[in-house]
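Please open the model in your viewer and keep the sequence panel beside it, since the tour moves from one selection to the next.

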Amino acid sequence: MVAGINELVDLRQAVVQRLSMPVINRKAITADVLRIDKIHATVSGNKWFKLKYALQEALQSGKKNIITFGGAYSNHLAATAYCCARLGLHCIGVVRGERPAALSETLAECDTLGMQLHFISREMYRQKESLYDELLRQFSNAYLIPEGGAGSLGVKGAADIMQLATGDYSDLCCAVGTGTMMAGLIKAAQKGQFVTGISALNVTPGENTIEHCLDAPKGLWRISYDYHFGGYARKTTELLSFMNAFYTQTGIPTDFVYTGKLLYGILDMVEKDQFLPGSRLLIIHSGGLQGNRSLPKNTLVF
Ligand SMILES: *Cc1c(COP(=O)(O)O)cnc(C)c1O
């Protein structure tokens with residue numbers, strides 16, 4: 001039987017976990033982690049939220065094919081492949097770069113789930129918006145979802161994340177890729193709540209596309225560019241050691257592309273007094289754990 005969108009994940013698993021760490025206690029703040037990584041192993045965290053309204057629109061308009069975009073380790077492609085398989089939709093993943101001799105674990109899983117992989121050169125990928133019309137002609141009766149589930153329906157879905165956390169928080173904290181999730185959190189924030197984003201990408205502040213999608217008044221949010229560890233999907237020994245230590249102390253696994261950098265960054269900002277004493281933080285664990293499969297075995301203790 002074909003499932004409905006809300007049956008694909010288990011939202012009751014999205015627990016809130018209080019962090020008890022020396023630095024947080026010393027600075028007299030509290031920090032909770034919202035574990036949306038736990039709603040599903042493949043459709044990890046924010047990707048389901050960013051996809052759900054687009055998939056709903058596709059189903060309601062009777063589309064049979066979903067076209068979307070991503071790289072070889074994309075959490076978004078993995079989530080889309082899984083959702084489409086369960087919803088009875090065919091999907092086409094347009095992948096950045098030539099087809100490799102061996103597929104990454106992520107792409108192999110997408111392939112197994114029935115996603116049709118369509119490799120294009122990095123140059124073409126950079127101008128993928130110019131391919132939209134051609135793709136929609138090539139695959140008839142198709143619905144196109146931008147890379148990462150970006151766009152207004154992605155923002156709308158991300159805003160729903162806040163339905164899972166009812167506590168009285170002064171600050172919401174999240175990782176930033178395209179900024180879609182952060183835009184949703186800003187939209188859902190209550191009066192007086194401040195949103196801090198940690199960029200996983202090495203982009204020049206003010207010159208990136210992220211901040212353009214945050215059409216919210218300045219003063220309610222900030223993005224730190226100090227914790228990208230070299231750029232998108234880059235990592236250092238320091239980051240990986242932090243992820244292991246954080247897991248040992250808290251039992252919370254993180255991914256090296258987004259949430260490891262997020263936790264490292266937020267704890268460092270706490271240490272550097274970038275949150276006021278008495279602040280009550282909610283940190284969004286947006287998932288992405290499937291991407292850790294690209295690390296050499298035994299890199300991580302979890
Ligand atoms: C995609 C992703 C993000 C970034 O979300 P954006 O809406 O693109 O900013 C953050 N965390 C995880 C785990 C992700 O997979």
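How many nonpolar, polar and charged residues does the shell around the ligand have? In this predicted model, the shell has four nonpolar, nine polar and two charged residues.

Select the ligand and then its surroundings: of the 15 residues around the ligand, those that come nearest are K47, K50, G177, T178 and S286. Now show the polar atoms, beginning with K50, where an N or O atom of the side chain is 2.8 Å from an oxygen atom of the ligand. Turning to the backbone, G179 places an N or O atom 2.8 Å from an oxygen atom of the ligand, and a polar backbone atom of M181 is likewise 2.8 Å from a ligand oxygen. The ligand taken alone exposes 390 Å², of which the protein buries 98%. Colour α2, β7 and α8 (180-188), the elements that give two or more residues to this shell; the largest share, three residues, comes from α2.

Next, follow the chain to G62, in the loop between α2 (46-60) and β3 (65-70). G62 is partly exposed because its relative accessible area is 32%, and its C-alpha is 8.1 Å from that of N141, although the two are 79 residues apart in sequence.

Finally, select helix α10 (residues 259-271), whose 13 residues reach 18 Å from first C-alpha to last, close to the 18 Å expected. Of these 13 residues, 12 are buried, including L262, L263 and I266, and the buried residues pack against α1 (22-26), β7 (171-176), β8 (194-199), β9 (221-224), α9 (237-250) and β10 (280-285). After α10 comes D273, which has a positive phi, near 60°.

Conventions
Residues numbered from 1 in each chain as written. Predicted model: local features only at pLDDT ≥ 70, side-chain atom pairs only at ≥ 80, totals over all residues. Heavy atoms only, no water. Helix = DSSP H or I, 4+ residues; strand = E, 2+ residues; numbered from the N terminus. Buried < 20%, exposed > 50% of the residue type's maximum accessible area, 1.4 Å probe, protein only. Expected span 1.5 Å × (residues − 1). Contact = heavy atoms within 4.5 Å. Near = heavy atom within 4 Å. Polar contact = N/O pair within 3.5 Å; in protein donor to acceptor, adjacent residues only side chain to side chain. Areas by Shrake-Rupley, 256 points an atom, 1.4 Å probe, with all protein chains shown as cover. Nonpolar A, V, L, I, M, F, W, Y, C, P; charged D, E, K, R; others polar.
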